[in-house]
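Please open the model in your viewer and keep the sequence panel beside it, since each stop on this tour begins with a selection.

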Amino acid sequence: MYASARARNAPRSRRPGVELLVLPFSAGSHAALTETFVIFAFAGGQRPPVVHSEDLIGGQLRTKPADVRVYRDAFADLRRRALDVAQTREIIARTGDRLR
């Protein structure tokens with residue numbers, strides 16, 4: 001994480017409803033290496049969830065429930081591989097000390 005991003009995100013990670021997790025290199029290969037994605041879930045279930053994904057040539061909205069499930073599974077895998085909140089805060093603090 002860049003020093004400027006660390007400086008902004010470390011305090012934000014302590015806000016209610018915000019969770020910052022580090023995915024270490026030791027986590028190995030994972031689905032998010034090929035593209036970035038965001039899962040949009042709407043309050044109250046008024047609309048079904050939607051995924052926006054981006055690769056090197058553009059973005060795409062995915063609305064089919066089976067497609068959304070693939071991305072939810074990928075996100076769950078990322079969460080399992082990531083450091084927990086306390087470990088993340090510790091590594092950001094340690095790394096930040098080296099970057100100053």
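Begin by selecting residues 36-40 and 50-55, which are strands β1 and β2; they run antiparallel and are joined by five bridges. Strands here are DSSP runs of E with at least two residues, helices are DSSP runs of H or I with at least four residues, and both are numbered from the N terminus; two strands pair if DSSP finds at least two bridges between them. Before going further, note that this is a predicted model, in which local features need pLDDT of at least 70 and side-chain atom pairs count only at pLDDT 80 or more, while totals for chains, interfaces and linings use all residues. Residues are numbered from 1 along each chain as its sequence is written, and side-chain values use heavy atoms, with hydrogens and water left out.

**The strands**

Add residues 58-62 to the selection: this is strand β3, which runs antiparallel to β2 and is joined to β2 by five bridges. β2 and β3 form a hairpin, with two residues between them. To follow the register across the strands, select H52 in β2, which stands opposite V38 and, on the β3 side, opposite L61. In a regular strand the side chains alternate between the two faces of the sheet.

Next select S53, which is found in strand β2 and has Q60 as its bridge partner in β3. Is S53 buried or exposed? S53 is buried, with a relative accessible area of 2%, where buried means under 20% relative accessible area, exposed means over 50%, and partly exposed lies in between (1.4 Å probe, protein chains only). Leaving aside neighbours within four places in sequence, S53 is in contact with E35, T36, F37, G58, G59, Q60, R62 and Y71, contact meaning heavy atoms within 4.5 Å. If you draw a distance between the C-alpha atoms of S53 and F37, which are 16 residues apart along the chain, it should read 4.2 Å.

**The loop between α1 and β1**

From S53, move to one of its contacts, E35, which lies in the loop between α1 and β1. E35 is buried, with a relative accessible area of 18%. Apart from neighbours within four places in sequence, E35 is in contact with S53, E54, D55, R62 and Y71; the C-alpha atoms of E35 and D55 are 4.9 Å apart in space, although 20 residues separate them in sequence.

Now select H30, which is found in the loop between α1 (3-12) and β1. H30 is buried too, with a relative accessible area of 15%, and, once neighbours within four places in sequence are set aside, H30 is in contact with L23, D77, L78 and R81.

In the loop between α1 and β1 you will also find F25, which is exposed, with a relative accessible area of 86%. The C-alpha atoms of F25 and A82 are 9.8 Å apart in space, and the two residues are 57 apart in sequence. V18, also in the loop between α1 and β1, is partly exposed, with a relative accessible area of 38%; not counting residues up to four places away in sequence, V18 touches R12 and S13.

**The largest pocket**

Which residues line the largest pocket? Select E19, L21, V22, L23, F75, L78, R79 and A82, which form its lining. A pocket is defined on a 1 Å grid over the protein atoms alone, as an open set of points where a 1.4 Å probe fits, with protein on both sides within 12 Å along at least five of seven lines; lining residues have an atom within 4 Å of a point. About 280 Å³ of space lies in this pocket, the volume being the space filled by probe spheres set on the grid points, which are joined across faces, edges and corners. By class, the lining has six nonpolar, no polar and two charged residues, with Ala, Val, Leu, Ile, Met, Phe, Trp, Tyr, Cys and Pro counted as nonpolar, Asp, Glu, Lys and Arg as charged, and the others, Gly among them, as polar.

**The whole protein**

Finally, clear the selection and show the full protein, which has three helices and three strands, in the order α-β-β-β-α-α from the N terminus on. The C-alpha atoms fill a box of roughly 45 × 30 × 25 Å, taken along the principal axes. Of the 100 residues, 21% count as buried.
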